[in-house]
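Subject: Structure for your review

Dear colleague,

Please find below the structure that I am handing over to you. My findings follow it, and I would be grateful for your comments.

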Protein chains: 2
Amino acid sequence: MELNATAKVIVGMLAARPRSGYEIKQLVDHSTRFFWAASYGQIYPELKRLESEGLIEGTDASQGGRQRTVYDLTAEGRRVAAEWIGRAPEVFELRDEGLLKLFFAGVTDAGRAPDIARERAGRAREVAGRLSELEAMLEADEDGGPPASPDAGSLTVLRYGIESNEWAAEWFERAATELEKEAPAKRAAKATRTSRRRS
Amino acid sequence: MELNATAKVIVGMLAARPRSGYEIKQLVDHSTRFFWAASYGQIYPELKRLESEGLIEGTDASQGGRQRTVYDLTAEGRRVAAEWIGRAPEVFELRDEGLLKLFFAGVTDAGRAPDIARERAGRAREVAGRLSELEAMLEADEDGGPPASPDAGSLTVLRYGIESNEWAAEWFERAATELEKEAPAKRAAKATRTSRRRS
DNA sequence: TTAAGCATGTAAGGTGTTACATGATTGA
DNA sequence: TCAATCATGTAACACCTTACATGCTTAA
């Protein structure tokens, strides 16, 4: 059984307990978003599709006039979810505009390379910060009240997010310093807009 | 001027010197692929589009019966490319199936979490290794012969790829060990397929 | 002569985002 | 009463991959 990107996050979220499409979206936005996003435009149609394939089953849970459908895995869905978890991960995709600019900077504007690296470092620090807040919230949840995310595995992943971004921030900061050393003349002429010849 | 993902890598590659679509694709595959991919199905139509917008200009460079078009940035294209490099990077997208599985493993199959982390570590080591080979090739190129990639900025980016993957490999290896400590009983029962009850 | 590589392109189909549309409930 | 939030959904559009189609050139 082939699961597409949205199906994977849906069956994963439903493995913990039944949820509505809206709840799944909230959970994704508060947890996996940084490495596995999904939008309403994917989630709702995919829920319908998974139900038609017999992997999940929806139950009406409307309260008064407010419509609500809660989905749960079927036995088959649970089997497929377990099978998916058991396979070696395949998907790894990255799109990093900061790296792309750094890659080109030597040719188009060597003097700006350190700035680009610093900007990228700032972005990494920012993400690390936001994830740290999330971690603090999760840890506060642990004593009392239902947890916002399915389980403890989420903490491991969160820590990866925090530490990898901290590592990246330091790396880019160091790279910026080194790039500055490599082209100090160009850097000095930064604001005045000189013609750049070298060889 | 809004550049889409493919346009960004095209104008960046052309900033160094004129190239054909085929050359651009080869370059992408040997350099930016790990953080910014592009396929023929995007590159060729986008070259046409960028030409119709006046950012690049194609010149026929056929040799005998073999068709070939080499594209160069126009003055406007060069301006747009410089402007793009000057803006703060925006795009950062990640899709990491290993992290997603780790996130869910606690609920669906806690005993497998260390395996997932180890698999992810192996993947990171593999990528680091492939990038190291690439680095060796680039460094060999440096003395004599035209370089395979536009400039030195590419080395910085390559090193980021290598070091970040080495860091990730170590992190996941450490995480695997810690996850094993958390659930040693489950781990011991790994091969025999026991029913898993706990609470 | 034949395989590998050079070179360009299209069609089909899946993926994914954004904006829009609708309406109920809850708390300030 | 009014904003925020709960809740579901669709349409348009952009993005992207894969497979296919075509034909030339070069080196083994």
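Across the interface of chain B and chain A, 24 residue pairs are in polar contact, with both residues at pLDDT 80 or more. Please bear in mind that this is a predicted model. The same interface holds 2 salt bridges. In a salt bridge between Glu97(A) and Lys8(B), the N to O distance is 3.1 Å.

The elements of chain B that each give two or more residues to the side touching chain A are helix H1 (5-16), helix H4 (75-86), strand E4 (92-96), helix H5 (97-108), helix H6 (113-142) and helix H7 (153-182). H7(B) provides the largest share of that side, with 15 residues. Sorted by class, the side of chain B that touches chain A consists of 33 nonpolar, 12 polar and 16 charged residues.

As for the extent of the interface, 61 residues of chain B are in contact with 61 residues of chain A. The two chains bury about 6200 Å² between them, and 68% of this area is on carbon and sulfur atoms. Within chain B, the residues that lose the most area to chain A are Arg95(B), Phe103(B) and Tyr160(B), which together account for 15% of what that side buries.

The chains are also joined through strands. Strand E4 (residues 92-96) of chain A and E4(B) run antiparallel and are linked by 5 bridges. Within this pairing, Glu93(A) has Arg95(B) as its bridge partner.

I turn next to DNA strand D. This strand is surrounded by 21 residues, of which the closest are Tyr22(A), Arg95(A), Gln42(B), Gly65(B) and Arg66(B). Of the atoms of DNA strand D within 4 Å of the protein, 73% belong to sugar or phosphate, and the rest belong to bases. Several side chains of chain A approach its phosphate oxygens. Arg95(A) places a polar side-chain atom 2.5 Å from a phosphate oxygen of DNA strand D, while for Tyr22(A) the distance from a side-chain N or O atom to a phosphate oxygen is 2.6 Å. For Lys48(A), a polar side-chain atom lies 2.9 Å from a phosphate oxygen of the strand. Two or more residues of the surface near DNA strand D come from each of helix H2 (21-30) and helix H3 (40-52) of chain A, and from helix H3 (40-52) of chain B. H3(A) gives the most, with 4 residues. By class, this surface has 4 nonpolar, 12 polar and 5 charged residues.

DNA strand C is likewise surrounded by 21 residues, and the closest are Gln42(A), Arg66(A), Tyr22(B), Lys48(B) and Arg95(B). Sugar or phosphate accounts for 69% of the atoms of DNA strand C within 4 Å of the protein, and bases for the rest. The side chain of Arg95(B) has an N or O atom 2.6 Å from a phosphate oxygen of this strand. Polar side-chain atoms of two further residues also lie by phosphate oxygens of DNA strand C: that of Arg68(B) at 3.1 Å and that of Ser39(A) at 3.4 Å. H3 of chain A, helix H2 (21-30) of chain B and H3 of chain B each supply at least two residues of the surface near DNA strand C. Here H3(B) gives the most, with 4 residues. The classes on this surface are 4 nonpolar, 12 polar and 5 charged residues.

With kind regards

Technical notes. Residues numbered from 1 in each chain as written. Chains lettered and ligands numbered in written order. Predicted model: local features only at pLDDT ≥ 70, side-chain atom pairs only at ≥ 80, totals over all residues. Heavy atoms only, no water. Near = heavy atom within 4 Å. Polar contact = N/O pair within 3.5 Å; in protein donor to acceptor, adjacent residues only side chain to side chain. Nonpolar A, V, L, I, M, F, W, Y, C, P; charged D, E, K, R; others polar. Contact = heavy atoms within 4.5 Å. Buried area = accessible area lost by both parts, 1.4 Å probe. Salt bridge = Lys/Arg side-chain N within 4 Å of Asp/Glu carboxyl O. Pairing = 2+ DSSP bridges.
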